[in-house]
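Open the model in your viewer and keep the selection prompt ready. Each stop below gives a selection and says what to look for.

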Amino acid sequence: MRILPTYDVIIIGAGPSGAHCAKLLGQNKDLKVLLVDARSFSENEKHHKACGGLLSSHAQEELHKENMSIPDSIKRDPQLSSVSTFDLSARLHRFYPRSYVNIDRQAFERWLISLIPPNVRCEFETRVLKITKEGSLYEINLTQAHEEFCVSAKLCIGADGADSIVRRTFFNDRPFPKRYVSIQERYPCLNKHSAFFGFFDESITDYYSWALQKENELLIGSALEIDGQVHQKFDRLKSKVKEVTDFDLDKLILTEGAIINRPVSLNQLSFHKGCVALIGEASGSISPTSAEGFSFAFRSARYLSTRINQDGPTYKACEHYDKDCNNIRLTILLKLLKAPGMYWPWLRRIVMISKISSINPNKSGLIKKRRAH
């Protein structure tokens with residue numbers, strides 16, 4: 001087995017949190033950093049995560065803190081300024097103002113990776129087989145092109161999403177967030193829909209479903225509880241959506257999937273253990289109301305990289321990072337307090353009927369079939 005040199009930091013996962021962390025750590029020329037991911041991040045990548053690909057105002061703010069401007073090349077029309085919210089079971093419909101940047105998720109990830117300094121070593125199409133602690137170091141067994149090799153690091157960062165091998169290896173004694181399967185389908189779309197659509201129906205999921213347009217494609221998806229009825233519930237969603245919109249869901253282009261987390265209590269968030277740190281969704285940091293994760297990915301990556309750049313790849317850095325993440329805990333707590341207004345059916349209906357914070361207040365609350373243009 002090939003053995004690579006010892007690194008100061010290994011980052012497992014090159015999604016938004018991992019790539020952003022690598023970019024920020026790469027500013028410290030004294031650190032030896034390795035970033036690994038099973039994906040290739042090429043334009044021909046076959047794997048597509050089921051993700052709406054919207055940057056919330058909070059995610060935009062995080063990027064602005066690093067003086068990062070989103071290139072026009074990764075934006076996708078239409079740009080969105082509202083959520084068209086449907087309570088399908090109660091047949092209620094409201095619009096709520098929101099500021100989103102509509103992006104191509106895959107192009108966005110490639111852009112983030114392109115910003116990583118050359119002194120950070122990147123190994124893609126590389127899978128993690130096992131992680132063990134050997135003395136003061138972490139040994140990571142990897143495979144790439146059918147060849148196995150081993151690398152050691154002083155500090156291990158899990159940026160590998162909801163199904164994190166880092167979390168499963170080192171944090172099994174702590175509560176995990178509730179898990180859902182996310183299914184998303186793409187269809188041709190010629191009509192212009194200028195809103196992001198949110199669908200609520202407790203017979204389908206206790207979380208939420210969505211639809212949005214990207215250029216000439218319509219994406220429709222749902223975060224579903226993992227049981228034996230996942231596909232039946234998704235089909236039920238599509239049937240109900242077709243009853244209340246003019247969406248044409250006859251010509252399927254692509255199906256995407258993913259596991260996503262949903263923290264339902266603060267003790268399901270984990271940020272460090274020894275010299276192992278979790279960032280992004282691996283830590284459980286994702287909105288329990290909307291499943292928005294980009295802002296938490298960037299925040300946690302910034303908090304951790306700042307501490308490592310200050311204190312080195314040490315336990316002290318991880319401990320300080322955990323304390324910094326009290327800001328994330330507070331944000332998620334506030335969203336947990338907001339959740340009943342969205343997910344308790346009777347309370348959601350009171351909110352929607354009251355028209356609190358909605359726009360277009362004269363629009364009928366009864367959902368009607370929209371005419372095709």
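The tour runs from a lysine without a partner through salt bridges and rings to two quiet residues.

This is a predicted model, where local features need pLDDT of at least 70, side-chain atom pairs count only at pLDDT 80 or more, and totals for chains, interfaces and linings use all residues. Residues are numbered from 1 along each chain as its sequence is written, and side-chain values use heavy atoms, with hydrogens and water left out.

**Stop 1: K214**

Select K214, in strand β13 (residues 209–214). Helices (H or I, at least four residues) and strands (E, at least two) are DSSP runs, numbered from the N terminus. K214 is buried but has no salt bridge. Buried means under 20% relative accessible area, exposed over 50%, partly exposed in between (1.4 Å probe, protein chains only). A salt bridge is a side-chain nitrogen of Lys or Arg within 4 Å of a carboxyl oxygen of Asp or Glu. The nearest side chain of opposite charge to K214 is D104, 7.5 Å away. Lys and Arg count as positive, Asp and Glu as negative; His and the chain ends are not counted. Now add I103: its backbone oxygen lies 2.6 Å from a polar side-chain atom of K214.

**Stop 2: salt bridges**

Side chains of opposite charge can pair when their charged atoms come close. The count here is 28 salt bridges.

- Select K75 and D72: their salt bridge spans 3.4 Å, N to O. K75 is partly exposed at 30%, and D72 is exposed at 64%.
- Select E217 and R186: N to O is 2.8 Å in this salt bridge. E217 lies in strand β14 (residues 217–225) and R186 in strand β11 (residues 178–188), so the pair ties together parts 31 residues apart in sequence. R186 is buried at 13%; E217 is partly exposed at 23%.
- Select D37, R39, R105 and E109: a network of salt bridges links them.

**Stop 3: R262**

Which residue forms a salt bridge with R262? Select D206; the closest N and O atoms are 4.0 Å apart. R262 is in strand β15 (residues 254–262) and D206 in the loop between β12 (196–200) and β13, so the pair ties together parts 56 residues apart in sequence. R262 is buried, at 8%. Add Y207: R262 lies over its face, 4.0 Å from the ring centre. A charge sits over a ring if NZ of Lys or CZ of Arg is within 6 Å of the ring centre and within 35 degrees of the ring normal.

**Stop 4: rings**

Stay on Y207 and add Y180, F200, Y208, W210 and Y343: ring pairs link these residues and Y207 into a cluster. Rings of Phe, Tyr and Trp (its six-membered ring) pair if their centres lie within 6.5 Å; planes under 30 degrees apart count as stacked, over 60 as edge-to-face and the rest as tilted. The whole structure holds 18 aromatic pairs. For one, select F108 and W111: centres 5.8 Å apart, planes at 35 degrees, so the pair is tilted. Both F108 and W111 are buried. Next, select Y138 and F170, an edge-to-face pair at 5.6 Å and 85 degrees. Y138 is in strand β9 (residues 137–144) and F170 in helix α4 (residues 165–170), 32 residues apart.

**Stop 5: C150 and S164**

Select C150, in strand β10 (residues 147–158). C150 is buried at 8%. Finish at S164, in the loop between β10 and α4. S164 is buried at 2%.

Technical notes: A polar contact is a pair of N or O atoms within 3.5 Å; within protein, one must be able to donate a hydrogen and the other to accept it, and residues adjacent in sequence count only if both atoms are side-chain atoms.
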